[in-house]
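Please consider the following model before the discussion begins. The exchange below is intended for a reader who works with computed coordinates.

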Amino acid sequence: MNGILKVLIDIASTPAILVAMIAVLGLILQKKTIADIVKGGIKTFVGFLVVTAGANFVVSSLDPFGKMFQQAFHVTGVVPNNEAIVAIALEKFGTYTALIMLVGMAFNILFARLTRFKYIYLTGHATLYMSCMIAVILQVAGLESVLLVLFGGIALGLANTIFPAILQKYTRVITKNDKVALGHTGNFGYAFAGVIGDMVKGDGKVKSTEEINFPKGLAFLRDSTVSITITMTIAYVIVAVFAGSEFITKELSGGTNYIIYSVQQAGSFAAGVFIILAGVRLILAEIVPAFKGISEKLVPNAKPALDCPIVFPYAPNAVLIGFFSSFVGGIVSLLIMVVLKTPIIIPGVVPHFFCGATSAVYGNAKGGVRGAVLGSFLQGVLISFMPIFLMPVLGNLGFAGSTFSDTDYGVVGILLGSMANGGKMFVMIGILVAVVLLFIASSILTAKEKASSKGEVA
């Protein structure tokens, strides 16, 4: 039994396999030929591996940038890093995490089937991390065994249903259709950036980040690979100069000249973004048509909620703008924390890249350049301050030198943690109330939609 459970968990937490299997299921339900099923499954699988490879490129090039930044400006504190905090937590909460993940995925499908929120959350690693955080908080609240798994699964199913839904009106603007959704643990921050974009757009036509007019001699900068490489090279070299050649050559580069090393890392970052964009195009070409079968048979009008890089190809300039704006938001937040003498949250370059870039795409959707810059900046502030309020609800784990970074962890964690302060009965009732509110919201929105359609007919 344990062996079967482990295999299921491994599949569920491996996005490439999970999404490939979903694509295969959709194609089977459409009664496609064996050739089409094999082709669709393999292309989806390879597409996710391509995206993962690109993400690994980006992360590996950003890691030394973060170390150089800390060395250059002599800051110490808590570094938000999902992988690090989960690795620590899984030693004690591994079994509960796995069970909550499986139960949560089942509730996500159930809620999608029974409500108007037809989003199937397919970002496996994000689901794993959220399951882990929920397991920790509910254990601190006093839940154990079956109750912990059941209510943890309900909470996860709710989160995976609601967060894509709050973002969908902006996702539709970006993708120009309603066939795909975004499922990532920064969705609250992206919706916030979308709202900021709405607020700053004004009455006239907004200028998109993709319409930035470069002088004729600099027209080559319209190529995102070129502009990303040049911009990141400048950023790396500046930080490297402040960090010092001795630190870089001894601690990071293995003896390679510190300027050469910085240029190489900047190029690796640009290569990673290029790979991500190619992988996303491959995935979307397969998963969206394959999902038609699931929509028709299992969950009517179901939409796949996929990882945040799916929106990068729609606004490559915003990706780079968002990273820097979010990172600046993290630095400004750090300075405020020093003045207020709160715990220090060091800007984590990985969350500021992925969350900042995605926020800028959403801010740009309605608010153009201003929405991209301001939306990602304020999202950077959010992911800097949220961990301060999240750490106390994680028990001893909250002060392990690292913590969860993205906004959805903050929203879910702080809400569950606040309810947990009232005891396990209070947190269970709170989760059930949230389920009731989900169905009420679904009914109200459906009634409004019907009323609106009748008015149009009249």
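What follows is a series of questions and replies on selected residues and elements.

Me: On what basis are the values given, and how are residues numbered?
Reply: This is a predicted model, in which local features need pLDDT of at least 70, side-chain atom pairs count only at pLDDT 80 or more, and totals for chains, interfaces and linings use all residues. Side-chain values use heavy atoms, with hydrogens and water left out, and residues are numbered from 1 along each chain as its sequence is written.

Me: In what order do the three strands of the open sheet stand?
Reply: Strands here are DSSP runs of E with at least two residues, and helices are runs of H or I with at least four, both numbered from the N terminus. Two strands pair if DSSP finds at least two bridges between them. Strand 2 (residues 119-121) is joined to strand 4 over three parallel bridges, while strand 3 (residues 181-182) is joined to strand 4 by two, also parallel. The order is therefore 2-4-3.

Me: Which strands have one side left without a neighbour in the sheet?
Reply: The sheet is open, with the order 2-4-3. A strand at an edge has a single partner strand, so one side lacks a neighbour; this applies to strand 2 and strand 3.

Me: Which residue of strand 4 is the bridge partner of Ala-181?
Reply: Strand 4 receives bridges from both of its partners: Ile-120 is matched with Pro-304, and Leu-182 stands opposite Leu-306. For Ala-181, the partner is Ala-305.

Me: Which residues of strand 4 (residues 303-306) point the other way from Lys-303 and Ala-305?
Reply: In a regular strand the side chains alternate between the two faces of the sheet. All four residues of strand 4 are buried, that is, under 20% relative accessible area, where exposed is over 50% and partly exposed lies in between (1.4 Å probe, protein chains only). Opposite to Lys-303 and Ala-305 point Pro-304 and Leu-306.

Me: How far from Asp-406 is the nearest side chain of opposite charge?
Reply: Asp-406 sits in the loop between strand 5 (402-403) and helix 13 (407-420). Asp-406 is buried and has no salt bridge, meaning a side-chain nitrogen of Lys or Arg within 4 Å of a carboxyl oxygen of Asp or Glu. With Lys and Arg counted as positive, Asp and Glu as negative, and His and the chain ends not counted, the nearest candidate is Lys-67, at 19 Å.

Me: Which side chains make polar contacts of 2.7 Å with Asp-406?
Reply: A polar contact is a pair of N or O atoms within 3.5 Å; within protein, one must be able to donate a hydrogen and the other to accept it, and residues adjacent in sequence count only if both atoms are side-chain atoms. Two side chains make such a contact with Asp-406 at 2.7 Å: Thr-185 and Ser-405.

Me: Is Val-51 buried or exposed?
Reply: Val-51 belongs to helix 3 (residues 34-73). Its contacts (heavy atoms within 4.5 Å), leaving aside neighbours within four places in sequence, are Ile-276, Gly-279, Val-280, Ile-283 and Pro-309. Because its relative accessible area is 9%, Val-51 is buried.

Me: What is the relative accessible area of Thr-256?
Reply: Thr-256 lies in the loop between helix 9 (245-252) and helix 10 (258-297). Thr-256 is partly exposed, and its relative accessible area is 33%.
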